[in-house]
Amino acid sequence: MPPNPFLGVWQRRSIQFDQGPIETTQSVLWIQAETYFADVRSAPFAGRLTPERYRGMDWRSRFDADLLGFAGTFTWAEDPPTCTWHHRFALTPRQWSDTSRYEWLDADNFLEQGTCEDDAGRLHPFVEHWHRLHPGPVQVWRLNRAEQQGLALRVGNWAVLVHQWGEPIADSSEGDAWRAFSATAWEYREGNWEVLFGTETSLGTPPQWTPLDLDDPLGLWRLERSTPAYPGPELN
């Protein structure tokens, strides 16, 4: 199996649903290692996301909420050209896998083409344009304690920390179990790590983890592995 051609840190340029308007307002940062990934997005709505609010959303708003912060493992194939994100941590209880097709535009740009389902079961096609900001190397840390689990990835001047903690909060009306969650994107600027955006929609108040905590040899985060940089896909 060749090296993962998606290694590095990616920024979404745009998303388009149903061949409609091309949307560019939401900030997205996705970091991809050989296997692990983490993704965080700016919230398109104000205030906290509660189970009650989530149930009252339309399908498109739930699509955004499901993907505000998530992390897990990633697989890909060349024929047919598909990517699958296996969600291990997520803001909402939908611990799912999603598969899309991809099309390379050049070594650092590709289109993701997938579908999502509305409340009536109709499928809506979408296209996302992704741009690679940095090819790596990629470092992966894990937080693995009984009451706290998380995944953190760092590439160059960018980092994403995804974290969940506490006992699941049962939502008896739907049978779903929510838990306290946070996901934050960081960038190193002028000698300091600064928050770019993240989930201020978590249930509970998260510990203030920063990328500096990842380098603490006595800290809770443990370095999983470091994946070498990838020079880019071989394009026909």
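This report looks at the nonpolar cores and the largest pocket of a predicted model.

## The largest core

In soluble globular proteins, nonpolar side chains tend to be buried together. In this model, the largest nonpolar core holds 30 residues. Seven of them have the most contacts inside it: Leu29, Ile31, Leu49, Leu151, Leu153, Val160 and Val162.

Which elements build this core? Those giving two or more residues are β3 (28-32), β4 (36-41), β10 (138-144), β11 (148-155), β12 (158-171) and β13 (176-189). β13 gives the most, with four residues.

A second core lies apart from this one. That other core has 22 residues, including Phe17, Val28, Trp30 and Trp104.

## A look at Leu151

Take Leu151, one of the residues with the most contacts inside the largest core. What does leucine 151 touch, leaving aside its neighbours within four places in sequence? Its contacts include Tyr36, Phe37, Ala71, Gly72 and Phe89. Val140, Trp141 and Arg142 are also among them. The list ends with Val160, Leu161, Val162 and Trp221.

## The largest pocket

Now for the empty space. The largest pocket encloses about 400 Å³. Its lining has 26 residues. Phe63, Arg94, Trp96, Thr115 and Cys116 lie nearest the pocket's centre.

Elements giving two or more residues to this lining are β4, α2 (59-66), β7 (97-106), β8 (109-117) and β9 (123-134). β8 gives the most, with five residues. What kinds of residue line the pocket? Eleven are nonpolar, four are polar and eleven are charged.

β4 appears twice in this report: it gives residues to the largest core and to the lining of the largest pocket.

Technical notes. Residues are numbered from 1 along each chain as its sequence is written. This is a predicted model: local features need pLDDT of at least 70, side-chain atom pairs count only at pLDDT 80 or more; totals for chains, interfaces and linings use all residues. Side-chain values use heavy atoms; hydrogens and water are left out. A nonpolar core is a set of buried Ala, Val, Leu, Ile, Met, Phe, Trp, Tyr and Cys residues joined through side-chain atoms within 4.5 Å. Buried means under 20% relative accessible area, exposed over 50%, partly exposed in between (1.4 Å probe, protein chains only). Contact means heavy atoms within 4.5 Å. On a 1 Å grid over the protein atoms alone, a cavity is a set of points where a 1.4 Å probe fits but cannot get out, and a pocket is an open set with protein on both sides within 12 Å along at least five of seven lines; lining residues have an atom within 4 Å of a point. Grid points are joined across faces, edges and corners, and a volume is the space filled by probe spheres set on the points. Ala, Val, Leu, Ile, Met, Phe, Trp, Tyr, Cys and Pro count as nonpolar, Asp, Glu, Lys and Arg as charged, and the others, Gly among them, as polar.
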